[in-house]
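Colleague: I'd like a close look at one buried spot in this protein, and then how that spot sits in the rest of the model. Could you take me through it in one go?

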Amino acid sequence: MSSIADHLLAVRARLERAVLDCGRDPKQVRLIAVSKTFPAEAVREAYRAGQRAFGESYVQEAVEKLSRLQDLRPDTEWHFIGPLQSNKAKHVAAHFDWVHSIDRLKIAQRLSDLRPAGAAALQLCIQVNIDAQPTKSGVAPEDALDLALAVQALPRLRLRGLMCIPAPQKDPREQREVFARLANLMHDLNRAGLQLDTLSMGMSDDLEAAVAAGATVVRVGTAIFGARPPVSAQPHSSPSSELT
Ligand SMILES: *Cc1c(COP(=O)(O)O)cnc(C)c1O
């Protein structure tokens with residue numbers, strides 16, 4: 001068995017234990033395998049081990065990888081989880097099933113305009129800067145309702161929920177406290193009339209805390225595919241090298 005298959009088994013076991021430990025139903029939490037920086041062959045290995053949902057963060061890298069995975073495309077689901085500039089929206093609208101990183105209306109409008117007419121609605125999450133990090137993307141929690149109402153009105157999109165990437169923390173209780181804020185925010189938005197069902201939160205180092213706080217989707221890269229090179233050494237991290 002490949003090491004990716006081994007790692008996937010271990011992550012699924014971790015996830016299932018986390019879900020059962022807090023009395024939830026394993027069917028309520030989905031695993032996205034974050035394959036950014038890893039080649040198409042790594043995705044194939046994960047696919048052979050039963051994985052169907054994948055996450056990518058860099059538009060050009062993702063488009064090139066997907067072109068090598070056309071045979072798997074009908075049977076897989078692709079989630080764009082990285083920062084999105086409006087000049088790349090065309091590619092994301094054409095190739096992805098989900099976008100988790102909506103943090104301004106302009107991007108959602110571009111995706112709505114550019115989503116191919118025959119395609120299923122593009123599923124969206126609004127990214128929230130839940131722990132007020134100065135350099136992170138994401139809408140402020142107090143602005144999430146207005147953005148959600150505006151996004152919800154756009155055609156060819158379906159707003160599903162909220163996403164966050166909190167600063168790394170060692171203490172599981174503090175991790176859980178931050179994730180619980182995103183869960184509470186979703187409840188507030190639903191009380192205000194939205195119908196959100198997706199909380200995209202939790203990564204390799206904090207998925208247990210995210211599940212305990214109500215995550216319905218966890219996005220796991222390192223624990224499945226291994227360590228990534230530092231961002232500065234990644235081929236597609238520089239905006240100038242990306243397609244437009
Ligand atoms: C890279 C990335 C992940 C995966 O992080 P790991 O710590 O490698 O599991 C999850 N979510 C987002 C938005 C990412 O960019």
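Modeller: Let's start with Ala 148, which is buried, with a relative accessible area of 0%. For that scale, buried means under 20% relative accessible area, exposed means over 50%, and partly exposed is what lies in between, with a 1.4 Å probe and protein chains only. Keep in mind that this is a predicted model: local features need pLDDT of at least 70, side-chain atom pairs count only at pLDDT 80 or more, and totals for chains, interfaces and linings use all residues. Residues are numbered from 1 along each chain as its sequence is written, and side-chain values use heavy atoms, with hydrogens and water left out.

Ala 148 belongs to helix 6, residues 144-152. Helices (H or I, at least four residues) and strands (E, at least two) are DSSP runs numbered from the N terminus. Who are the neighbours that Ala 148 touches? Leaving aside residues up to four places away in sequence, Ala 148 touches Ile 126, Leu 159, Leu 189 and Leu 194, where contact means heavy atoms within 4.5 Å. For a sense of distance, the C-alpha atoms of Ala 148 and Glu 61 are separated by 29 Å, with the two positions 87 residues apart along the chain.

Follow the chain out of helix 6 and you get to Arg 156, in the loop between that helix and strand 6 (157-163). Phi of Arg 156 is near 70 degrees, a positive value in a residue other than glycine. Arg 156 is partly exposed, at a relative accessible area of 40%. Thr 37 is another non-glycine residue with a positive phi, near 75 degrees. You'll find Thr 37 in the loop between strand 1 (30-34) and helix 2 (40-48), and Thr 37 is partly exposed at 22%.

For an exposed case, try Asp 71, with a relative accessible area of 52%. Asp 71 is in the loop between helix 3 (59-67) and strand 3 (77-80). The C-alpha atoms of Asp 71 and Phe 54 are separated by 15 Å, and the two residues are 17 apart along the chain.

Now the cysteines. A search of the whole structure turns up 0 disulfides, a disulfide being a pair of cysteine sulfur atoms within 2.5 Å. Why is Cys 22 without a bond? The closest cysteine sulfur, in Cys 164, is 16 Å from the sulfur of Cys 22, so that is too far for a bond. Cys 164 is in no disulfide either, and its nearest cysteine sulfur, that of Cys 125, is 11 Å away. Cys 22 is partly exposed at 31%, whereas Cys 164 is buried at 0%.

Stepping back, the protein has 9 helices and 8 strands. Its radius of gyration is 17 Å, close to the 18 Å that the globule rule gives for 244 residues, so the protein is as compact as a globular protein of that length. That radius is taken over C-alpha atoms, and the rule is 2.2 Å times the number of residues to the power 0.38. The C-alpha trace spans about 50 × 45 × 35 Å along its principal axes. Buried residues, Ala 148 being one of them, make up 51% of the 244 residues. Of the contacts between residues at least 6 apart in sequence, 62% join residues at least 24 apart.
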